[in-house]
Amino acid sequence: MIQMKTSDYFIAVDPGREKTGIAILTMSGSAVWHGIINSDYLVDEIKNIAAEYDTDLLVIGSGTSSKAKQQLLQKSLPFLNIVVVDEYRTTDEARKLYFAANPPQGLKKLIPLGMQTPPVPVDDYAAIAIGRRYLKQNNIING
């Protein structure tokens with residue numbers, strides 16, 4: 001049986017071939033940090049985050065690059081407890097989260113959000129969506 005740390009934080013990852021979205025969430029679903037990194041630096045970044053936030057729980061989306069990233073992380077950081085979450089439609093959720101945090105300004109306010117594309121990659125917001133999905137599926141938060 002795997003012994004998990006009890007931590008107030010966990011890491012959520014939206015894995016990608018070239019870039020990876022990462023978020024640190026509280027157990028209530030609040031994102032305390034999120035960003036996008038070059039996937040080549042994933043192990044070092046996760047190692048640093050896990051140490052800084054004293055967590056061993058990593059939630060990862062089930063997308064295209066997920067299996068390879070899971071294997072890499074488990075091999076390099078065996079202390080991690082990795083949980084895979086279905087990431088179906090998390091990009092749509094990520095767009096909504098992006099626009100909630102960065103509402104359109106000026107004339108763009110007149111264009112429906114469904115017709116707008118974020119001006120930056122939203123992989124980090126997808127990681128937030130993956131983390132919140134984990135919490136909901138495990139009845140840790142509602143909604």
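Here are some notes to help you find your way around this structure, which is a predicted model.

1. A good place to start is the sheet. Five strands make it up, and they lie in the order β3-β2-β1-β4-β5. The sheet is open and its pairing is mixed. At its edges you will find β3 and β5 (81-85), each of which pairs on one side only. From one strand to the next, the twist averages 20°.

2. Now look at how β1 and β4 sit together. These two strands pair in the parallel sense, over three bridges. If you want a pair of residues to look for, take Ala 12, whose bridge partner in β4 is Val 59.

3. Two helices can be placed against these strands. Helix α1 packs on the sheet and touches β1, β2, β3 and β4. The direction of α1 makes about 10° with that of β2. Helix α2, for its part, lies across β2, β4 and β5 and runs at about 160° to β4.

4. Helix α1 (residues 42-52) deserves a closer look. Which of its residues are buried? They are Leu 42, Val 43, Ile 46, Ile 49 and Ala 50. These residues lie on the same side of α1, because they cover an arc of only 135° around the axis. The spacing fits a general rule: an α-helix has 3.6 residues a turn, so residues three or four places apart point the same way.

5. What covers that buried side, and what does the other face carry? The cover includes β1 (9-14), β2 (19-26), β3 (31-38), β4 (57-61) and α2 (66-76). The face turned away from the buried side carries the exposed residues Asp 44, Asn 48, Ala 51 and Glu 52. Just after the helix, Asp 54 takes a positive phi of about 50°.

6. Next, the nonpolar interior. The largest nonpolar core has 19 residues, and those with the most contacts inside it are Phe 10, Val 59, Tyr 125 and Tyr 134. At least two residues of this core come from each of β1, β2, β4, α3 (90-101) and α4 (123-137). Helix α4 gives the most, with seven residues.

7. Tyr 134 is a handy residue to click on. Leaving aside its neighbours within four places in sequence, Tyr 134 is in contact with Phe 10, Leu 57, Val 59, Val 83, Val 85 and Ile 140.

8. There is also a second, separate core of 16 residues. Among them are Ile 11, Ile 24, Leu 42 and Ile 46. Leu 42 and Ile 46 also appear among the buried residues of α1.

Methods:
Residues are numbered from 1 along each chain as its sequence is written. This is a predicted model: local features need pLDDT of at least 70, side-chain atom pairs count only at pLDDT 80 or more; totals for chains, interfaces and linings use all residues. Side-chain values use heavy atoms; hydrogens and water are left out. Buried means under 20% relative accessible area, exposed over 50%, partly exposed in between (1.4 Å probe, protein chains only). Helices (H or I, at least four residues) and strands (E, at least two) are DSSP runs, numbered from the N terminus. The arc is that of the directions from the helix axis to the C-beta atoms. Contact means heavy atoms within 4.5 Å. A nonpolar core is a set of buried Ala, Val, Leu, Ile, Met, Phe, Trp, Tyr and Cys residues joined through side-chain atoms within 4.5 Å. Two strands pair if DSSP finds at least two bridges between them. Axes are lines fitted to C-alpha atoms, for helices over the stretch in contact, and angles run from 0 to 180 degrees between N-to-C directions.
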